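Work through the exercises below with the model open beside the text. Each task is followed by a solution in steps.

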Amino acid sequence: MSIIRNVAIAAAIALAPTVAQAEASPAERRMAAYVSTDAPHGEALLERLVNQNSGTLNLDGVRAVADIVRPELEALGFAVQWIDMAEAGRAGHIIATHVGAGANGGRGKRVLLIGHLDTVFEPTSPFQSYRRDGNRAIGPGVGDDKGGVVVIIQALRAMQAAGTLRDADIMVVLTGDEERTGAPLEISRRDLIAAGEWADVALEYENLATTGDGETRAEYGTIARRSSGSWEIRTTGITGHSSGIFNQTQGYGAIYELARILDQFRRELPEANLTYNVGVMAGGTPATIDAAGETVSATGKTNIIASQAIARGDIRTLTPEQDARIRDRMTGIVAQHLSQTGATISFNESYPPMAPTEGNRALLARLNAVNRDLGLPAMAEYDPARRGAADSSFVAALADTMGGLGAVGELGHAEGEWIELDSLPRQALRSAALITRLSRERR
């Protein structure tokens, strides 16, 4: 008997008695039965997706993954578009739309499902293929986010089998550059933001947040994510012989000015849910940084005062208000120059914050009602400081949003990334029931 079949049987045994003893509706009971028997389809799809490299910069590979996903969505009645992103230097995105046909079509809540086609593993990575080890599936992007894509498709298939997809207004957005967003953001996230404007609710499918293991495992809902942006500081000083440093004519030099700024950041900025890492720096006469902002070089001697210094780092905040306030404070610190020095700071936003709103909390409460009725564990709010940024942040100001609805796994972005195969039907069931309930709520 195949490993896939064994996992499907294990999933059926785990889900069926639980749901039978709970308060699930007849449609949700049909979903529970379906996701278990449909597990082999999901796992075969996962293997195909993982074995196709789709590192963000492998544009052909991202398009190939889209070609695998497209027929899955079309078979469910979705109108599927490929949005080319050549103008942003990336492959493109899938936008798939399902218009409700029955009594609630056009009147129930509009639900946006978010995932991504790309991974961090480019063709040069030695980590390229899918394999199974018991209940674990191991491979590049197996959780982030190809397992999440499978959960989306399996949830929609369960809804179709239960007869609840027909009336639902759903849009699926699978971006092709979540791991390295194309530029400018106004173009690369234009279609996702438009989808957020259409939606009442957004659900994002990166890995489920968990702590512990086995019987002690706890599962969490992601109702907030911190932003991800970067900053760059450039300082200047009057170069000359080191014997003149600190005097009124030559002042402190560029390196001391940079050190002063970074130390004030360390001492004066700390607060909850804020981090501001320094990733790379250099100082000398001169000091330079490449166009990508990743490689620095400097020349200098111990007896020469440095004329230039550069540092780059990131900044992560929880709310737009915190983000604006911290940037203002950083700018104010940079402006307090040491004698005969100058400094500037610039910011670049990559992902906005996904703040923990009451609407997001209400969405988690709806999911926990599903969990209760299906006999699944309740989920508390996950600490946003422990999660990275994701595409859900771009729509969080437009629709009630919840993230982390994908598979259970670990080692994302690292060789050996894995997920638990039996988490796929469980997560698909949760989503199928939640999306069905949302789609029946009046707008």
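**Exercise 1. The sheet with S10 and S15**

Task: Find which residue in S15 is the bridge partner of Gly237, and describe how the sheet is ordered and which helices pack on it.

Solution. The model is predicted.
- Step 1: Gly237 has Thr341 of S15 as its bridge partner.
- Step 2: The strands involved are S10 (residues 228-237) and S15, which pair in the antiparallel sense over ten bridges.
- Step 3: Both belong to an open sheet of four strands with antiparallel pairing, in the order S11-S14-S10-S15.
- Step 4: S11 (278-284) and S15 (341-351) are the edge strands; each has a single partner strand, so one side of each lacks a neighbour in the sheet.
- Step 5: On average, and ignoring direction, neighbouring strands of this sheet are turned by 10 degrees against each other.
- Step 6: Helix H8 (residues 253-268) packs on the sheet and touches S10, S11, S14 and S15, its direction making about 145 degrees with that of S10.
- Step 7: Helix H9 (residues 320-334) also packs on the sheet, touching S10, S14 and S15, and makes about 160 degrees with the direction of S15.

**Exercise 2. Ser307**

Task: Decide whether Ser307 is buried or exposed, and list what Ser307 touches.

Solution.
- Step 1: Ser307 is located in the loop between strand S13 (296-298) and strand S14 (308-315).
- Step 2: The relative accessible area of Ser307 is 14%. The cut-off for buried is under 20%, so Ser307 counts as buried.
- Step 3: Not counting residues up to four places away in sequence, Ser307 touches Thr235, Thr236, Gly237, Thr239, Ala254, Gly284, Thr285 and Pro286.

**Exercise 3. Strand S3 and its partners**

Task: State which strands pair with S3 and in what sense, and which residues of S3 lie on each face.

Solution.
- Step 1: S3 (residues 111-116) pairs with S6 in the parallel sense over six bridges, and Val111 stands opposite Ile170 in S6.
- Step 2: S3 also pairs in the parallel sense with S7 (residues 201-204), over four bridges. Here Val111 stands opposite Val201.
- Step 3: Side chains in a regular strand alternate between the two faces of the sheet.
- Step 4: In S3, one side carries Val111, Leu113 and Gly115 and the other Leu112, Ile114 and His116, all of them buried.
- Step 5: Because six of the six residues are buried, S3 is largely enclosed by the rest of the structure.
- Step 6: S6 (residues 170-175) also pairs with S2, in the antiparallel sense over five bridges, with Ile95 opposite Val173.
- Step 7: S2 (residues 92-98) has six of its seven residues buried, and pairs with S1 (residues 79-84) in the antiparallel sense over six bridges.

**Exercise 4. The packing of H5, H11 and H10**

Task: Classify how H5 and H11 are oriented to each other, then do the same for H10 and H11.

Solution.
- Step 1: H5 and H11 (residues 423-439) pack at an angle of about 55 degrees, their axes 8 Å apart. The two helices are therefore oblique to each other, and their crossing is right-handed.
- Step 2: Where they meet, H5 contributes Gly147, Val150, Val151, Gln154, Ala155, Ala158 and Met159, and H11 contributes Leu424, Gln427, Ala428, Ser431, Ala432, Ile435 and Thr436.
- Step 3: The axes of H10 (residues 358-374) and H11 come within 10 Å and cross at roughly 120 degrees. This makes H10 oblique to H11.
- Step 4: Contact residues include Leu363, Arg366 and Leu367 of H10, and Leu429, Arg430 and Ala433 of H11.

**Exercise 5. The largest nonpolar core**

Task: Find which residues touch the most other members of the largest nonpolar core, and which helix gives the most to this core.

Solution.
- Step 1: The core has 68 residues, among which Leu156 and Leu203 touch the most other members.
- Step 2: H5 (residues 142-162) gives the most to this core, with eleven residues.
- Step 3: H5 is largely enclosed by the rest of the structure, because 19 of its 21 residues are buried.
- Step 4: Leaving aside neighbours within four places in sequence, the contacts of Leu203 are Val111, Leu112, Leu113, Ile114, Leu363, Met402, Leu405, Leu434 and Ile435.

Methods: Residues are numbered from 1 along each chain as its sequence is written. This is a predicted model: local features need pLDDT of at least 70, side-chain atom pairs count only at pLDDT 80 or more; totals for chains, interfaces and linings use all residues. Side-chain values use heavy atoms; hydrogens and water are left out. A nonpolar core is a set of buried Ala, Val, Leu, Ile, Met, Phe, Trp, Tyr and Cys residues joined through side-chain atoms within 4.5 Å. Buried means under 20% relative accessible area, exposed over 50%, partly exposed in between (1.4 Å probe, protein chains only). Contact means heavy atoms within 4.5 Å. Two strands pair if DSSP finds at least two bridges between them. Axes are lines fitted to C-alpha atoms, for helices over the stretch in contact, and angles run from 0 to 180 degrees between N-to-C directions. Angles under 35 degrees count as roughly parallel, over 145 as roughly antiparallel, 65 to 115 as roughly perpendicular and the rest as oblique. A crossing is left-handed if the near helix is turned anticlockwise from the far one by less than a right angle, and right-handed if clockwise.
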